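Please examine the sequence and the three-dimensional structure shown below. The explanation after it is intended to guide a first reading.

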Amino acid sequence: MSDFDMMELPPKLVTRLKEMGIENPTPIQKQAIPHALNGRDVMGLAQTGTGKTAAFGVPLVAQMLENPRRPGPRCVRALVLAPTRELAQQIMVNLKGYCEKTPLKAQMVVGGVSINPQIKRLERGVDMLVATPGRLLDLMDRRAVDLSETTFLVLDEADQMLDMGFIHDLRKISAVIPKERQTMLFSATMPKLMNEIANSYLDRPIRIEVTPPGKAADKVTQEVHFIAKAEKTGLLIELLAQHKGERALVFGRTKHGSEKLMKTLVKAGFDAASIHGNKSQGQRDRAIEGFKDGTITVLVATDVAARGLDIPDVKHVYNYDLPNVPDNYVHRIGRTARAGKDGAAIAFCAPDEMGELKAIQKTMGITIPVASGRAWEAAEIPDKPKQGGGGGGGAAKPGAGRSRRRGGRGGKPGGQRAA
């Protein structure tokens, strides 16, 4: 008998979970599901890849199966909000899986695609609606969706909704949902503004924290290369060539820069694609599907576009550009070492990125092992990035660092583990 059997879930749901290969709950699921089943508001804090979707999806489906009723026209019984289309799609796939062979219906509404088919699908009402805030407000403005019967509200990746400026949208949405509801909030990190969300949306919530905010998965090896900005692409190509058949996710800071880097990697002979805000939804979907099925082995992404990526076999995450927000580093490297597997996180640090690196290490409470080069000294760091500058003025010599890397660890990135 599994722990799911002991949670008093509907038998058909337990059977469905087993069919999906979900037999024993992860720590966040084990702690959150019983409280959610009892109707408590839940604030769940857990690192990326620990099963947060099932932590709210399973009790959501269970309670709706135990209290069956048809939603009214254009009405929604349960609303799940996510910051990006990709994450919404991932949640939708999971919810549909849990609901298979039951009368429950789930729908998704996101931007980037035609709104009219979404309006049509909402006419009869839906049990569960997965939505991005912007598209949901568009539908509310058109009176195409009615939240007056919504008794369940889930905010997934709430920290990213804050970062992306959705706080005002969330307030507008929550204002029209009945106060008598169950609310669940899940996040990988806990920025200061999260307390404002908690106070606004949750009623005496049970707080569940299975991993301290800012902590990476145990099986992620981390390392940093101190390198001039102009030499980053060459080093990336060199490292990617050492594991050409394995999936690698490369993070850039800008849409233009990520697209340019992807094209350079393709010219260098890699099966690469990119996802960012300038790509259409169809292009993003095709790139992600190619990454999943292995026809694409290198995916270059911006932080926002990579939200919701749930691909178990990503072996390497490259921080080609360090993020401005330290918590985003935790999210990035959470794309590898999923479901208990090993993974490597490799960061490139140019002179003008030392501030970002120090903030990341402070947030995580670790010192990331150095793979090559030496830490940039204050005299080598420009006060402001100069236009067209590569940041390599009085720099360390990355070439020497690379020779040490080859000699010391056989040329395999990810050989040092963070403490």
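The following paragraphs proceed from the whole chain to its strands, its cores and some of its helices.

The structure is a predicted model. Its protein chain contains 15 helices and 14 strands. Of the 419 residues in the protein chain, 56% are buried. The area that the chain exposes is about 18400 Å², and carbon and sulfur atoms supply 50% of that area. The contacts also show how the chain folds back on itself in sequence terms: among contacts between residues at least 6 apart in sequence, 77% join residues at least 24 apart.

Two groups of paired strands may be considered next. Strand E2, residues 76-81, is mostly covered, since six of its six residues are buried. E2 runs parallel to strand E4 (residues 126-131), to which five bridges join it. E2 also runs parallel to strand E5 (residues 152-156), in this case with four bridges. Ala 78 illustrates both pairings: this residue stands opposite Met 128 in E4 and opposite Phe 152 in E5.

A second example is strand E12, residues 314-319. Five of its six residues are buried, so the strand is largely enclosed by the rest of the structure. Strand E9 (residues 247-251) and E12 run parallel and are joined by five bridges. Within this pairing, Val 250 stands opposite Tyr 318 of E12. E12 is further joined by four bridges to strand E13 (residues 343-349), again in a parallel arrangement. Here Asn 319 has Ala 347 of E13 as its bridge partner.

The discussion now turns to the nonpolar cores. Which residues touch the most other members of the largest nonpolar core? They are Leu 9 and Met 128, in a core of 42 residues. Helix H3 gives the most to this core, with nine residues. A second, separate core has 32 residues, among them Ile 115, Ala 131, Ile 167 and Ile 197. Returning to Leu 9, and leaving aside its neighbours within four places in sequence, one finds it in contact with Phe 4, Val 14, Leu 17, Ile 33, Leu 37, Val 58 and Ala 62.

Met 128 also appears among the contacts of Leu 104. Leu 104 is located in the loop between helix H4 and strand E3 (106-109). Is Leu 104 buried or exposed? Residues under 20% relative accessible area are classed as buried, and Leu 104, at 8% relative accessibility, therefore counts as buried. When neighbours within four places in sequence are left aside, Leu 104 is in contact with Val 61, Met 64, Leu 65, Arg 77, Cys 99, Asp 127 and Met 128. The C-alpha atom of Leu 104 is separated by 9.1 Å from that of Arg 70, although these two residues are 34 residues apart along the chain.

Three helices show how buried residues are arranged and covered. In helix H2 (residues 27-37), the buried residues are Ile 28, Gln 29, Ala 32, Ile 33 and Ala 36. Seen down the helix axis, these residues fall within an arc of 105°, so they line one face of H2. Their cover includes strand E1 (42-45), helix H3 (52-66), strand E6 (182-187) and strand E7 (206-209). Gly 39, which follows H2, has a positive phi near 90°.

Helix H14 (residues 354-364) has Met 354, Glu 356, Leu 357, Ile 360, Gln 361 and Met 364 as buried residues. Viewed down the axis of H14, they lie within an arc of 160° and therefore line one face of the helix. Lys 358 and Lys 362, on the other side of H14, are exposed. The cover over the buried residues of H14 includes strand E8 (220-226), helix H13 (326-333) and E13. Just after H14, Gly 365 takes a positive phi of about 70°.

Helix H12 (residues 281-293) has 13 residues, and the distance from its first C-alpha to its last is 18 Å, close to the 18 Å expected at 1.5 Å a residue. Gln 281, Arg 284, Ala 287, Ile 288, Gly 290 and Phe 291 are the buried residues of H12. Their cover includes helix H4 (85-99), strand E10 (272-275) and strand E11 (298-301), together with E9 and E12. Gly 294, just after H12, takes a positive phi of about 95°.

Conventions. Residues are numbered from 1 along each chain as its sequence is written. This is a predicted model: local features need pLDDT of at least 70, side-chain atom pairs count only at pLDDT 80 or more; totals for chains, interfaces and linings use all residues. Side-chain values use heavy atoms; hydrogens and water are left out. Buried means under 20% relative accessible area, exposed over 50%, partly exposed in between (1.4 Å probe, protein chains only). The arc is that of the directions from the helix axis to the C-beta atoms. Contact means heavy atoms within 4.5 Å. Two strands pair if DSSP finds at least two bridges between them. Accessible areas come from the Shrake-Rupley method with a 1.4 Å probe; for residues, only the protein chains shown count as cover. A nonpolar core is a set of buried Ala, Val, Leu, Ile, Met, Phe, Trp, Tyr and Cys residues joined through side-chain atoms within 4.5 Å. The expected span of a helix is 1.5 Å times one less than its number of residues.
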